[in-house]
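Subject: The model I promised you

Hi,

Here is the structure we talked about, together with my notes on it. Please have a look at the model first and then read on.

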Amino acid sequence: MKATTNQGTDFWSKDNSATQQGFNIDFKRVGYRAIRYWYLVLGILGLSLTTAWYKTRYATKVYPVAASIIIREREELGGGELLYKNAIVDPYRNYLNEPYILKSIPLIQRVVESHDFHVAFLEEGFVVSSEVYDRLPFDCKLLDNNGAGKFIFKIIDSDQYTLTTVAEASAPVKEYAFGTEIEYNGLKLRMDKSGGRDIKRWIGRTYVMQIGNSYQIAQRYSARLQVIWAEQGAGVMNLSMAGPNPEKDIDFLNALVSEYQQFDLEKKNQTAERTIQFINRQLREISDSLQFVSALLQKFNKSNNVRDNQSQTQILFDRLSELEKQKLEFDLRNKYYSYVENYLKSTDSLNQVLLPAAMGINDPILNGLVGKMIDIQSNLTLSRLQSNTTHPRYQSLLRELHRSQADILEGIRSQRVADNIRTNSITNQIEIIERQLRLLPVTEQEKLEIQRNYTLLENLYVFLLQKRSEAAISKAANTSDILPVNSPVVGGAISPKPTQNYLVALVVGIAIPLLIFILMEIINNRVQSKEDVSKFTTIPFIGGVGHNDTDLTLVVKGKPKSGISESFRALRSNLNFFVQNQTGKVFMITSSISGEGKTFTTINLASVFALSGRKTLIVGADMRRPKIFSDFGLQNDRGLSTYLSGLNSFDEVIQKTEISNLCLISGGPVPPNPSELLMTEKLTQFKQEALAQFDYVIFDTPPLALVTDAFVISNQVDHTVFVVRQNYTPRDFLKSIQDYYAEGKLKGMSVLLNDIVKSGLGYGYGYGYQYGYSYQYGYGFRKRKDGHGYYED
């Protein structure tokens, strides 16, 4: 292998890129942690899958229920429309409002109350309680809707049951008979036996009877109900909902369609009913007048002998009767206009008004405006937003209603102007005929006047009877425009979804531990591997030393066949490459902070040099805290400090160790000025004398982050080994080391990773050796606790 220089060349073919910044996530290390802590991964995965099983097992199953209806087109005529085709049975209909009407709270509340959907019987299970529907041998009918709460219901025998509140469950209970009306705790109800079911099977069973607020239940049904048009332009609407009780939802949709049909029919009949009521009031008033005039005419004929009208007189009378009939119709129209104006001025703007066509007013514009107003009133009445008058939709409908009412008033004013012109013309013609009739004898004039009034009232009476008959026939012939297309059907369960639940659980069970490991990687700012050194520095990486799990400091002497000893031999070989296998070289071992293992590295590295037959000198250059002498059991009464101070000669400060070829010069007594002593010429003299007697000199210096002694000594050395410790040295310190290297402050620099506990994926340095015996050691292996060999980590 070719030796490398100290200027930016990576000994291990490392990328010479600049120091990287920001978050650095080593996914290899994340994967290694996942393998190392496999039991944690399996535990979280098992917990996640167990949660999914519990949810799948005990979650309430939800089933979809769907139905469809069609709204008959206006061209498809029913009985009343076919007979008369008048506006009484052909009101304005805005099809875009139909979905809102179907989902309206008042309409759904009618369904809930009429079919007791706010009454539920619950059966308690081991974990959850579920509703029992369509399986009980009895039906509960609420006779009023004022009560709410929870009650305990129990069947005693084939004819009796008990009903108590939850609070009074332990108190003496009263028995009630099926089929009888009872009043209990504000409730009025009747329990009827269902035909075809044997009640004996349910004797002794206890249920919780829950009665909810009908309005709140209606809100829940409205929220679950989906109403959409089958397609654009079609008259078919699809109704769907999903819930845990498909039988109940089927009954609800059937009941909703039935109530919607009834509402549509009531809406149609409402105009006819109001027309009939209005006509009846007019008939009562006219009937009295007609009877009076009829009696008056009979009395006049008895008391006067008036011959029949001459032909010319009869012509005038017939013409007058026709004109007065027309004038009477205009008077009736005027009464209708006054009725509408009074109605629009009233505060009750949601009661529907009768249509103009019912009173013979066939103006299409006015009929359309009134029909539109009736439709808006229906939407406001049945709008589910009616309870919230501040809702934007309600306010929009209200503004539309006010605009429609203003348009109607404007239409009435226009009609009155036109009617007044016609009425004035008719009045003028009547006056001309009356002047001609005044030329007749007095007696004949009196008879004509009485007969004229009688004919006028009779024609009006017949006209009103005809309109009432039309309205009654239309009402009787009316059918709903709402027709079922598809009856409600239930589909397969849409929730829970076992496959989806287990898949999500599997993903979550794997993702959680991985996220934990990634978080550990992010928050851990300590050096973990050779890759960390490569990411933050361009300094050559010289090797790594494993974790020392013994109490020995001189591992290479105490356990020469250990993995740590072999790593120091590899370090010795790598240093020889740096100095091209030349002797007479000076090395310096330093670090950023104390505790990174520089003294441990110095002692063992010097020992492997000495054991290879090279005379080696260890110099304890930490004169502030000298302690390296204690590892060899030597003295510190003289050393580097006394030599540099001129108190002792070189030979006097040298101490021999128990290892052959290895000597030590300790730091000596702590001087007051260590840095100044190192800056004297005595340090150069010290180096020269040392190399005269030894092949290798190794300086053990104090940490760079604390003092600058290492920078002074670096001028005397050939190579500097910077020690970093796994999971101990902060990564930020690597940036400072990179600065020292880039600025040339430390000569011939390389990095050693010490105390490698974790090895494998993401921790880089993981090779091994066969060293003459059956032992295998190196990075990526751990020593067995019984002391017999090593195992792979």
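What share of the 793 residues in the chain is buried? The answer is 47%. Please keep in mind that this is a predicted model, and that everything below was computed from it.

**The chain as a whole**

The secondary structure comprises 22 helices and 25 strands. For the accessible surface of the chain I get about 39100 Å², and carbon and sulfur atoms account for 51% of that area. If you take the contacts between residues at least 6 apart in sequence, 77% of them join residues at least 24 apart.

**A four-stranded sheet**

One sheet you may like to display is open and has four strands, in the order β11-β12-β1-β13, with antiparallel pairing. At its edges are β11 (226–229) and β13, each of which pairs on one side only. Ignoring direction, neighbouring strands of this sheet are turned against each other by 20° on average.

Inside the sheet, eight bridges connect β1 with β12 (residues 236–243), again in the antiparallel sense. To find the register, start from V65: its bridge partner in β12 is M241. As a general reminder, strands of a sheet pair through backbone hydrogen bonds, either parallel or antiparallel. Helix α6 (residues 214–224) lies across β11 and β12, and its direction makes an angle of about 115° with β12.

**Salt bridges**

I count 22 salt bridges in the structure. Three of them are worth a visit.

The first on my list is D481 with R72, where the closest N and O atoms are 2.6 Å apart. This pair links distant parts of the chain, 409 residues apart: D481 sits in the loop between α11 (442–477) and β13 (482–490), while R72 sits in the loop between β1 (63–71) and α3 (79–84). Are the two partners buried or exposed? D481 counts as buried because its relative accessibility, 10%, is under the 20% cut-off. R72 is buried as well, at 11% relative accessibility.

Next comes E521 with R731, with 3.8 Å between the closest N and O atoms. E521 belongs to helix α12 (residues 498–523) and R731 to helix α22 (residues 731–743), so this salt bridge ties together parts that are 210 residues apart in sequence. E521 is buried, with a relative accessibility of 1%, and R731 is also buried, at 9%. Which residues belong to the network that includes this pair? Through shared partners, salt bridges join R33, E521, D532 and R731 into one network.

The third is R190 with E181, whose closest N and O atoms are 3.9 Å apart. Here R190 is partly exposed, because its relative accessibility of 23% falls between 20% and 50%. E181 is exposed, since its relative accessible area of 52% is over 50%.

**Cysteines**

How many disulfides does the model contain? The count comes to zero. Two cysteines I checked for accessibility are both on the buried side: C140 has a relative accessibility of 14%, and C663 has a relative accessible area of 11%.

**Two positions to look at**

T616 lies in strand β16 (residues 616–620). With a relative accessible area of 0%, T616 is buried. Leaving out neighbours within four places in sequence, the contacts of T616 are A606, F609, A610, N661, L662, C663, F694, Y696 and I698. So that list includes C663, one of the buried cysteines mentioned above.

D159 is in another setting, the loop between β5 (149–155) and β6 (160–165). It is partly exposed, with a relative accessible area of 46%. Which residues does D159 contact, once its neighbours within four places in sequence are set aside? They are Y176, A177, F178 and K193. For A177, the C-alpha to C-alpha distance to D159 is 5.7 Å, with the two positions 18 residues apart in sequence numbering.

That is what I have for now. Tell me which part you would like to go through together.

Best wishes

Methods. Residues are numbered from 1 along each chain as its sequence is written. This is a predicted model: local features need pLDDT of at least 70, side-chain atom pairs count only at pLDDT 80 or more; totals for chains, interfaces and linings use all residues. Side-chain values use heavy atoms; hydrogens and water are left out. A disulfide is a pair of cysteine sulfur atoms within 2.5 Å. Buried means under 20% relative accessible area, exposed over 50%, partly exposed in between (1.4 Å probe, protein chains only). A salt bridge is a side-chain nitrogen of Lys or Arg within 4 Å of a carboxyl oxygen of Asp or Glu. Helices (H or I, at least four residues) and strands (E, at least two) are DSSP runs, numbered from the N terminus. Two strands pair if DSSP finds at least two bridges between them. Axes are lines fitted to C-alpha atoms, for helices over the stretch in contact, and angles run from 0 to 180 degrees between N-to-C directions. Contact means heavy atoms within 4.5 Å. Accessible areas come from the Shrake-Rupley method with a 1.4 Å probe; for residues, only the protein chains shown count as cover.
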